Amino acid sequence: MIVVGVHNIKGGVGKTATAVNLAYFAARSGMRTLVWDLDPQAAASFYFRVKPKLRGGARGLIGREHDPGDSIKATDFPNLDLLPAERSVRKLDLLLDAADKPGRQLRKVLKPLRRDYDLLLLDCAPGISPAVESVLGAVDVLLMPTIPTILSLRTLEQMARFCADRELEQARRMAFFSMVDRRKRMHRAIVERPPNGLAEFLGADIPYASDVERMGEARAPVAAFAPSSRAAQAYSTLWAALSGRLQAPGGKHG
Amino acid sequence: MAILYLVAPDVDADALLRRLQTAVALQAQASRSVKHVYLDTFDWRLHAAGWCFCCLQEGRSRYARLREIDSGREVVRMPIDRLPVWPEDLPAGVLRASLSGAMSIRALLRMADARIEERTLELRDDEGKLVAQIQMRGGAVIPAFGKERPLPLSLECESLRGYEAELQRLCTRLEEIPGLARAAGDFRTLALGCAEREPGDYSSKLDFRFDPEQASHDAMREIIRHLTATMSLNLNGIRQDIDTEFLHDFRVAVRRLRSMLRQFAEVFPGPEYTWFNDELRWLGGRTGDLRDLDVLLMAIAKMADRLHPAAAGGIDDLAQVIQRRRDGARDSLVAALGSARYRRLQERLTALVEDRGWPREGPGLDPLGRVVAKRIARLHRRVLKQGRAIDNDSPPESLHDLRKRCKQLRYVLEMFANIYPAAIGDYIDRLKYLQDVLGSYQDCAVYEEELLQILASDNARIPTAAALAVGAMVQSLESRKHRLRRRFAGRFERFDTQRNNKRLRQLLGVER
C-alpha cells in the first residue's frame, strides 16, 4: 500500500479537493483506494456524503482499541472507500503528543489496512503539529498543493526545515500548483519556474475553477459531475503525473 | 455479501419496479446491456480459494471484477483490454497476484457467458449517500453450443462496506413483497446453473462413499464410471492444449484404472481383463511422451535459478528445442485420441460400466471390505519386502520398482479410504513421505535421461548455449539424485516400523 499525505501548512489551498479528486482517478484506474479524513472540518467526509462517525473516536483509533476497518465506509464510487473524520479528530494532536514516539503512531494504526488497499490518501489538517509529525512518519509521499505566491512558497521552505529538524526525511516531498490563475503575472512566473530543492514539482497544475467550488454543491469529485471540465482534466493529468512518480524510484527534491 | 431474490414468472417486471420505487424508496437508474463472463480454471480453483472472478463488458468498456464469495466484498475492479487466460495477461497488481496464487499452472476458462439487461436500484440516506443497491437483471445465458437459455428475472442485493445493517433492513422489506423468493447463492450461481454448471462440478480428487458390505463388483463399476468420465472430461482440454493439467488428470485416471484392474483382476469378467490391460497400457504409453516433456519444461524453468549464469543463459534455447519436440508429441497424442482404437476402448469401458458381462457369481460378489483389506495387506507386504532388500549397492531400478509398488498401494488406499477409520490417515502420511523421496529420485532420473537424449539426438541441432545448460543441469540432477538416495533409508525406516505395520493390520482387521 502506498501512503500519500496531502498537506500544506496553509489552509484553503485545495488539500481536500486534491485528496478527493486524486482518489477518484486512482480508483477508476483499478487501485483499491482509501481516503482518510484527518481534518476536523470533515470536508472530505462531506464531499463523499459520509456521516462523520469513528468507532471509538480518535482515541480508540490511535490507541488501537478499535480496528480502523470497522469505521470505513464505501463511497458511491467503486474501489473507493473513506475513513471519515468526526469531531474527536480535533484531539488528534493531544493524543499523539501524549503518545510514545508520535512519529510512529500513525504507521502502526495503518498496518491492518495494508492488505485491503493499494493507495491511501490522508487528507490532513493544515498547520504544523504532532499530527503532522505522525503523518510524516507514516507516509511514502507528502503531496503539497501550493498556490503560486511568494508566501505559499515559504511554507514549502518551512516544511523542508521541519522535516530536517525532526529527521523525517524518508517521505518524498512532492508539490504542485493549485488554484492557478494564469491571468496573474506572478502565478505565471512561479508556475513556469518553480523553485529548486524544496520538493519534486509534478509539472501538472490545477486551475482556479468554479467547478472545484461546485464540489461542495454536488458533493462529489469533479469528474463525477463535470467530466469534461477543465478542472476534471487537470486532476486527471495530476493523477497521471503522480502515479508515474509513484512507480518510478524515489527522486531528489526539486 | 450478495443476497439473491428470484422473481416469480407471473410477476410483471414494470409493476415490480414501481413497487420497489414506492414501497422501498429505491431510485432506479437507466437500464443497460452488460455481458458477464464468469471465469475459473477447469477444476474451479478460484472458487475453492473463495473468489468469484467475472469480466463485464458494457459498450466498449470492459472491466474485471474479483469478489470474495463469502463476504460478497468486491476486492478489485479494474479496466482490461481483453479476457485474460493467464494471470500474466493482466498488469502487475493485486488482481494478478490473487489469481496467480489460486490458479497455479491452470488456465482460465469461460464457465458461463450471460447477456444481461441490468438496472441498478439505489437506496440512499438523508444525505443522499448510497447505502445499498440492487441489481435487477434479466437476460440469457449463452452456451458454447446451442441456443441461448433464458435467465429468470432476479434481484441481487449488494452490500457496501460499512452499510451492512442497511442491507439487512432492505432485505427485510423485500421479503414482504409477494412474488420474490430468496435463492441460495448469488447471481453467478444462477447464471452457472442455467449453463448447467455448478462450482466444483469437476474435481480430480476421489471422493467415493463405499459400504464395506457391498458387492465388490458394484464398487469397481462405480470406480470405472468415475475414471472414464474423468478421461472424457479432460479430452477437449488436451486437444485444444489449454493447459498441462488436462493431460495430467487424464493420465492419472488411466493409471488408476489400470491399477485397479490389476489389483482386483478376479472381480472382472475374465477375458476382458487382458484386453483392457493391454489397451490402457497402450494409452498410457501414448500420453507419456507429451507429459514427460511438459514436466521437463516446468523443471528446467525452476532449475535455471540454480545454475551458473553462463549455463542459465542457454535455458531459453533449450526450452525452444524441447517445445518443438513437445509439439510433435502433442500431434501424435491427438491423433491417437482421435483413432478408432481409442474409440473402441471408450465404447467397451462404457459397456463395462453398464453392467454387461460381469460374472453373477464368484469373487465379484464378495464384500468389498474383505476384498480390499486383503489387497492392501498384500501390497503392504510387498512394499516391505522390496524396500528391505534395497541397500546402498542396489541399482536405481530397485527404487523405481518400489515406487511403482507404493503407487499401487496408494491408489487402492485412496479409492477405498472411506471404509476405514480416520486413523488410516497416519499410515497414508507415512507412505506419502516415502513416496516423495522415491518420486523425486525418479523425476531426476527421467529428466536426466531426456536431457541427454535431446543432446544426443542428431536432428536436434542444439545451440551451444543450450548444450551448456544441459550439461550443467545433468550435473545438478546427478547431485540431487545422490542426496535423495541417501534420504531413502531414513524414510523407509519411518514407514517400516512395528507400530505402523501393527496398526495397519488392526485397521484392516487382518491377521499377520
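## Where chains A and B meet, and a cavity in chain B

Where chain B meets chain A, 19 residues of chain B are in contact with 22 residues of chain A. Keep in mind that this is a predicted model. Here's a quick tour of that interface, followed by a look at the empty space inside the structure.

**How much surface is buried**
- Together, chain B and chain A bury about 1600 Å², and 42% of that is on carbon and sulfur atoms.
- On the chain B side, E127(B), K129(B) and R161(B) lose the most area to chain A, together making up 40% of what that side buries.

**Who touches whom**
- The rule finds 6 salt bridges across the interface of chain B and chain A.
- D76(A) pairs up with R124(B) in a salt bridge, with their closest N and O atoms 2.7 Å apart.
- There are also 12 residue pairs in polar contact across this interface, counting pairs with both residues at pLDDT 80 or more.
- Strand 6 of chain B (residues 74-79) gives the most to the side that touches chain A, chipping in 6 residues.
- That side of chain B splits into 8 nonpolar, 2 polar and 9 charged residues.

**Empty space inside**
- Searching the whole structure turns up 2 cavities of 30 Å³ or more.
- The largest cavity has a volume of about 50 Å³.
- Its lining comes from chain B and includes G237(B), D241(B), F246(B), L290(B) and R326(B).
- Helix 6 (216-239), helix 7 (245-263) and helix 8 (270-303) of chain B are the elements giving two or more residues to that lining.
- Sorted by class, the lining of the largest cavity has 4 nonpolar, 2 polar and 4 charged residues.

Note on methods
Residues numbered from 1 in each chain as written. Chains lettered and ligands numbered in written order. Predicted model: local features only at pLDDT ≥ 70, side-chain atom pairs only at ≥ 80, totals over all residues. Heavy atoms only, no water. 1 Å grid on protein atoms, 1.4 Å probe; cavity = no way out; pocket = protein on both sides within 12 Å on 5 of 7 lines; lining within 4 Å. Points joined across faces, edges and corners; volume = space filled by probe spheres on them. Helix = DSSP H or I, 4+ residues; strand = E, 2+ residues; numbered from the N terminus. Nonpolar A, V, L, I, M, F, W, Y, C, P; charged D, E, K, R; others polar. Contact = heavy atoms within 4.5 Å. Buried area = accessible area lost by both parts, 1.4 Å probe. Salt bridge = Lys/Arg side-chain N within 4 Å of Asp/Glu carboxyl O. Polar contact = N/O pair within 3.5 Å; in protein donor to acceptor, adjacent residues only side chain to side chain.
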